[in-house]
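Biologist: Please take a close look at the aromatic side chains of this model, and then set them beside the salt bridges, the pockets and the rest. Please keep to what the coordinates support.

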Amino acid sequence: MEKSSEEGRNYTLLDFHESILEFILKRLSSIELCAMSEVCTSSRDICQSDHFWENHLKQKWGKVIGDAAYKEWQWHITAAKEGNFLNQRTNGSLGSFTGAWPNLCLGSYLEDSRLLLGQRSNNFLKSLYLSLESGTFWFPAQIYENSARGLMVHSALIRYDSESNTFGARCQTAGWQFLAKDVEWNMVRIPSVDSPPNVVHISDCLENLKPEDHIEIQRRATRRCPYDWWYGVIGHLDSCNQNYCACQYSDTLIVEFRQYSESSNMRRIGLSRKNNGEQGDQIGGYYGGIRKLHNEDEIETWKKLFPLQIQRAPIFYLPPVAAEIPIPQIL
């Protein structure tokens with residue numbers, strides 16, 4: 001606080017011109033902004049504004065929370081304002097969900113609904129930031145996995161652990177009871193599509209896919225499981241002529257999972273390009289929608305995370321007739 005000798009009165013930070021005050025507040029950390037909001041009623045109203053918390057959310061959480069997380073948080077805010085938490089016997093509150101058991105798809109989970117009681121439900125971004133930071137808000141995301149089964153991403157609910165600076169994850173498999181710990185930031189991403197993990201994604205790229213296009217494709221072992229997204233590359237037909245490749249125009253679409261050896265029956269599958277529904281069987285698994293990866297950053301993420309598993313494809317795939325491995329046609 002500073003005293004003016006000319007006017008004989010005290011000045012505070014809030015007496016600064018609005019543009020100067022905004023310049024200062026935007027440079028405060030989240031902890032400093034919270035402390036500033038406790039000074040007085042006026043500073044509380046200013047420092048709780050979404051305008052100042054938007055940057056903090058983008059800087060720390062922008063790479064792992066997307067529209068789905070914001071939509072789920074809005075669900076909790078609305079429930080708090082309507083008083084839907086008051087009659088609960090427990091502190092937790094289940095977010096929105098779709099489907100039925102065993103394909104129940106949870107939208108989110110707030111461990112302690114008391115965080116949104118009173119005025120806190122009026123501060124959308126601040127309350128979201130603090131709930132993320134404290135690890136009380138489980139939000140939808142996807143987690144990369146490299147296992148013997150393949151390169152894939154799982155749909156999950158995750159929460160932050162500030163002590164380890166990692167995430168815990170709860171996946172739909174096994175009724176949301178599976179809990180992974182110590183998931184690093186670079187293994188988490190925003191959900192790639194709006195479709196629930198137990199619903200076939202409607203592809204919009206099947207007609208245009210050609211060899212060496214990078215894709216992600218839905219796959220599940222049984223119809224009781226949710227889909228994972230597997231990383232793959234469009235390959236050539238065995239019958240392709242090296243000089244006049246016409247694989248792009250064939251009704252059969254070849255998908256290669258190059259983390260498998262060329263002798264593996266999981267290396268290549270054949271799908272019907274005309275079928276936009278689920279394809280497959282209980283032996284080889286069930287395949288759903290396809291996403292073409294247009295963004296080079298997405299492709300590079302796969303290569304950087306799993307460089308040894310993503311093998312470089314030959315210039316042209318044409319195995320000797322004697323060693324030719326039949327490709328299962330999933331029509």
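Modeller: Two rings of Phe, Tyr or Trp count as a pair if their centres lie within 6.5 Å, with the six-membered ring standing for Trp. The model is a predicted one. With that cut-off, W61, Y160, F167 and W185 form one aromatic cluster.

A search of the whole structure gives 13 aromatic pairs. One of them joins F167 and W185, with 4.8 Å between the centres and 65° between the planes, an edge-to-face arrangement. F167 belongs to strand β9 and W185 to the loop between β10 and β11, so this pair ties together parts 18 residues apart in sequence. The two partners differ in burial: F167 has a relative accessibility of 1% and counts as buried, whereas W185, at 23%, is partly exposed.

A second pair has another geometry. The ring centres of F257 and Y287 are 6.4 Å apart and their planes meet at 15°, so the pair is stacked. F257 sits in the loop between β14 and β15, and Y287 in strand β17 (residues 285-292), so parts 30 residues apart in sequence are tied together. Here both rings are covered: F257 is buried with a relative accessible area of 0%, and Y287 counts as buried at 1%.

The charged side chains come next. The structure holds 15 salt bridges. In one of them the side chains of R189 and E216 meet at 2.8 Å, N to O. R189 is in strand β11 (residues 188-189) and E216 in strand β12, so the pair ties together parts 27 residues apart in sequence. Both residues are buried. Another salt bridge joins R268 and E256, whose closest N and O atoms are 2.6 Å apart. The pair links distant parts of the chain, 12 residues apart: R268 is in strand β15 (residues 268-272) and E256 in strand β14 (residues 252-256). R268 counts as buried at 6% relative accessibility, and E256 does so at 3%. The salt bridge of R291 and E298 has a distance of 3.0 Å, N to O. R291, at 13%, falls under the 20% limit and is buried, while E298, at 22%, counts as partly exposed. Salt bridges with shared partners join E212, D238, E256, R258 and R268 into one network. The R268 and E256 pair described above is therefore part of that network.

The pockets bring back some of the strands already named. The largest pocket has a volume of about 540 Å³. It is lined by 26 residues, and A68, C105, P140, D194 and P196 are the closest to its centre. At least two lining residues come from each of α5 (67-81), β4 (97-98), β5 (105-106), β7 (137-147) and β8 (150-161). Helix α5 gives the most to this lining, with four residues. By class, the lining has 15 nonpolar, seven polar and four charged residues.

The second largest pocket has a volume of about 390 Å³. Of its 22 lining residues, E145, R149, H154, T173 and D228 are the closest to the centre. Two or more residues come from each of β7, β8, β9 (166-171), β10 (179-183), β12 (214-220) and β13 (228-234). The largest share, three residues, comes from β7. This lining has 13 nonpolar, four polar and five charged residues. Two elements met earlier are on that list: β9, which holds F167, and β12, which holds E216.

Two smaller items remain. The count of disulfides is zero. C247 is in no disulfide, and the nearest cysteine sulfur, that of C240, is 3.5 Å away; the cut-off for a disulfide is 2.5 Å. C247 is buried, with a relative accessible area of 5%, and C171 counts as buried at 8%.

Helix α6 (residues 124-134) is mostly covered, with eight of its 11 residues buried. The buried ones are F124, L125, K126, S127, L128, Y129, S131 and L132. Just after α6, G135 takes a positive phi of about 80°.

Methods. Residues are numbered from 1 along each chain as its sequence is written. This is a predicted model: local features need pLDDT of at least 70, side-chain atom pairs count only at pLDDT 80 or more; totals for chains, interfaces and linings use all residues. Side-chain values use heavy atoms; hydrogens and water are left out. On a 1 Å grid over the protein atoms alone, a cavity is a set of points where a 1.4 Å probe fits but cannot get out, and a pocket is an open set with protein on both sides within 12 Å along at least five of seven lines; lining residues have an atom within 4 Å of a point. Grid points are joined across faces, edges and corners, and a volume is the space filled by probe spheres set on the points. Ala, Val, Leu, Ile, Met, Phe, Trp, Tyr, Cys and Pro count as nonpolar, Asp, Glu, Lys and Arg as charged, and the others, Gly among them, as polar. A salt bridge is a side-chain nitrogen of Lys or Arg within 4 Å of a carboxyl oxygen of Asp or Glu. Buried means under 20% relative accessible area, exposed over 50%, partly exposed in between (1.4 Å probe, protein chains only). Rings of Phe, Tyr and Trp (its six-membered ring) pair if their centres lie within 6.5 Å; planes under 30 degrees apart count as stacked, over 60 as edge-to-face and the rest as tilted.
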